[in-house]
Amino acid sequence: PSGARTGIQRPPRLQLRRPFSVYMGNSQLCVAVTGRTMSEILRNRDAATGADIVEMRLDTVDRPDVAGALRGRQRAVIVTCRAAWEKGFFRGSEEERRRILEEAIAGGAEYVDVEAKAEFAAELIAARRGRGVVVSSHVYGECPADLVDRWQALTRSGTEIAKLAVE
């Protein structure tokens, strides 16, 4: 009926304290790939032919094989092993997750993605001097009032790339 509520709500407007912009002059298309097995992830990685870079979500498999994930790649990759506490699928220890990301760095991955809240994030960032590290934070639900402050904290982390995802 005319004038009936649809149940769709618009997100609250974000009030920025000053002009805010993002430089997109060096934009690239990133495709995130998942799979239940390493074979499936590799098929998905290789099928992402239009991507400039591929994010390989190793947290989606039971037995991540970092060397296998990097072998034969045709484009740059971001190796991610998202913790369950950040709505990822990795259920192992933080030590295991750290080992996976360090193995990816040692194996030549162009980037690794580490959550800003990870207990080992600062050490990983320092060891790499921020190079090849994506520091990320994920916000679920309503857009927080301190979004700009969160973004600024990420950009001060010393990494090459900061990622703030609001889902």
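Is Arg97 buried or exposed? Keep that in mind while setting up the view; the model on screen is predicted.

**The whole chain**

Start with a cartoon of the chain, which has 5 helices and 6 strands. Follow the elements from the N terminus, and they run β-α-β-α-β-α-β-α-β-α-β. The chain has 167 residues, and 38% of them are buried. Switch on the surface next: the chain exposes about 10,600 Å², with 49% of that supplied by carbon and sulfur atoms. Of the contacts with a separation of 6 or more, 52% are between residues 24 or more positions apart.

**The first strands**

Select residues 30–33, which are strand S1, and residues 53–57, which are strand S2. The two strands run parallel and are joined by 4 bridges. For one place to look, pick Ala32 in the selection, which stands opposite Glu55 in S2. Then add residues 38–47, helix H1. Together S1, H1 and S2 make a right-handed β-α-β unit.

**Arg97**

Now go to helix H3, residues 94–106, where Arg97 is found. Arg97 has a relative accessible area of 0%, so it counts as buried, the cut-off being under 20%. Show the side chains of Arg97 and Glu94: they make a polar contact at 2.8 Å. What else does Arg97 touch, leaving out residues up to four places away in sequence? Select Cys81, Arg82, Ala83, Trp85 and Phe90, then Glu115, Ala118 and Phe120.

**Ile125**

Move on to helix H4, residues 121–128, and select Ile125. Its relative accessibility is 9%, so Ile125 is buried as well. Which residues does Ile125 touch, not counting those up to four places away in sequence? They are Gly130, Val133, Val135, Ser157, Gly158 and Thr159. Draw a distance from the C-alpha atom of Ile125 to that of Thr159, and it should read 6.4 Å. Along the chain, Ile125 and Thr159 are 34 residues apart.

**Two cysteines**

Finish with Cys30 and Cys143. Cys30 has 36% relative accessibility, so it is partly exposed, as its value lies between 20% and 50%. Cys143 is also partly exposed, with a relative accessible area of 28%. How many disulfides are there to look for? The count is 0.

Methods:
Residues are numbered from 1 along each chain as its sequence is written. This is a predicted model: local features need pLDDT of at least 70, side-chain atom pairs count only at pLDDT 80 or more; totals for chains, interfaces and linings use all residues. Side-chain values use heavy atoms; hydrogens and water are left out. Buried means under 20% relative accessible area, exposed over 50%, partly exposed in between (1.4 Å probe, protein chains only). Contact means heavy atoms within 4.5 Å. Accessible areas come from the Shrake-Rupley method with a 1.4 Å probe; for residues, only the protein chains shown count as cover. A disulfide is a pair of cysteine sulfur atoms within 2.5 Å. A polar contact is a pair of N or O atoms within 3.5 Å; within protein, one must be able to donate a hydrogen and the other to accept it, and residues adjacent in sequence count only if both atoms are side-chain atoms. Two strands pair if DSSP finds at least two bridges between them. A crossover is right-handed if, with the strands pointing away from the viewer, the path from the first strand over the helix to the second runs clockwise.
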